[in-house]
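Grab a pencil and work through these exercises on the structure below. Each task comes with a solution to check yourself against.

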Amino acid sequence: MFTFDGRVVLITGAGSEKGIGRATALEFAKAGADLAIADLDFAGAQNTCALIEELGRKALPIHLDVTDPEACEKAVQEVVDTFGKLDVLVNNAGISQKVTIADMTIQDVERIFKVNFYGMFNITKPAAAAMKERGYGRIVNLSSVSAKRGGGIFGGAHYSAAKAGDLGFAKNFSREYAMHGITNNSVCPGLINTDIWKTLPKEQADKIIENIPVGRPGEIKEVAAAILFLASEEASYITGEEIDINGGMHMD
Ligand SMILES: NC(=O)c1ccc[n+]([C@@H]2O[C@H](COP(=O)([O-])OP(=O)(O)OC[C@H]3O[C@@H](n4cnc5c(N)ncnc54)[C@H](O)[C@@H]3O)[C@@H](O)[C@H]2O)c1
């Protein structure tokens, strides 16, 4: 795998016990990185940090609501003050909601966009400024297959739109920041074996699996592997790109 010796990584939303963010944080730690874990769930962030420290790496828990732009600026500053720099940002914090357009309210749309799109912007902007000063940076966003195929699993149309917005933003960002040594890529997971998957009734779960050529949900580690690749030095010539991790459910 890739080495992150001497690298400093900030992951948002990595406090969730069974989530993609924590698993990704632990893979970064195993690969030699020190990490800052920023989450609305501070106890969760602290738990992730304890696991990182058990792997012999440094870890900084940050209580952060990504919908708050000033708090995001402060969080990035705290990372730089603590570790001296920021090399990698993983925009992982996200929320979803299963609701039809007919039942969707404008408040639903705002809530989903505030976390999944504005939250990405709020932390990306100060992170990019810190990375630009040193002429190096890697940003990886957690988008979704829903952004490309128009939902169809758990999220509503607002979730699809916010996650598609993340992809458009990353492409534009890439044009603006490529000459500063900063890349910005995304992963688009399909159905991943997290807690929400296990809550589905068997009949519904079987129906979803029927449409996945690989014949099973993805594992969190399979998402983490793609994130580490895009965050590695070796991926220096890839920017504004997306990796689909969906077992063939959607191909483009
Ligand atoms: N699980 C899947 O199948 C799947 C598929 C496609 C995309 N994704 C995306 O991957 C990411 C991680 O998904 P997951 O299933 O591991 O999620 P999760 O629910 O396990 O974890 C999300 C984390 O984000 C944090 N969070 C929520 N709102 C926040 C805010 N305002 N500020 C800071 N932190 C906040 C939560 O506290 C939580 O720790 C999300 O962006 C999600 O949309 C997940």
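**Exercise 1.** Which helices each supply at least two residues of the shell around the ligand?

*Solution.* Keep in mind that this is a predicted model. Go through the helices: helix 1 (20–30) and helix 4 (106–134) each supply at least two residues of that shell. Next, look at the residues that come nearest: of the 28 around the ligand, these are Gly13, Ser16, Gly19, Gly94 and Ile192. Finally, sort the shell by type, and you get 11 nonpolar, 14 polar and 3 charged residues.

**Exercise 2.** Work out the strand order of the sheet and find its edges.

*Solution.* Start with the order: 7 strands form an open sheet, 3-2-1-4-5-6-7, with parallel pairing. Strand 3 (59–63) and strand 7 (242–245) pair on one side only, so they are the edge strands by definition. On average, neighbouring strands are turned by 15° against each other, direction ignored.

**Exercise 3.** Is strand 5 buried or exposed, and what does it pair with?

*Solution.* Count first: 6 of the 6 residues of strand 5 are buried, so the rest of the structure largely encloses this strand. Then split them by direction: Gly137, Ile139 and Asn141 point one way, Arg138, Val140 and Leu142 the other. Now the partners. Strand 5 runs parallel to strand 4, joined by 4 bridges, with Ile139 as the bridge partner of Leu89. Getting from strand 4 to strand 5, the chain passes through helix 4 in a right-handed β-α-β crossover. Towards strand 6, also parallel, there are 6 bridges, and Arg138 stands opposite Thr183.

Definitions and conventions. Residues are numbered from 1 along each chain as its sequence is written. This is a predicted model: local features need pLDDT of at least 70, side-chain atom pairs count only at pLDDT 80 or more; totals for chains, interfaces and linings use all residues. A residue is near a molecule or strand if its C-beta atom, placed from the backbone, lies within 6 Å of it. Ala, Val, Leu, Ile, Met, Phe, Trp, Tyr, Cys and Pro count as nonpolar, Asp, Glu, Lys and Arg as charged, and the others, Gly among them, as polar. Two strands pair if DSSP finds at least two bridges between them. Axes are lines fitted to C-alpha atoms, for helices over the stretch in contact, and angles run from 0 to 180 degrees between N-to-C directions. A residue is buried if 20 or more other C-beta atoms lie within 10 Å of its own, exposed if 12 or fewer, and partly exposed in between; C-beta atoms are placed from the backbone. A crossover is right-handed if, with the strands pointing away from the viewer, the path from the first strand over the helix to the second runs clockwise.
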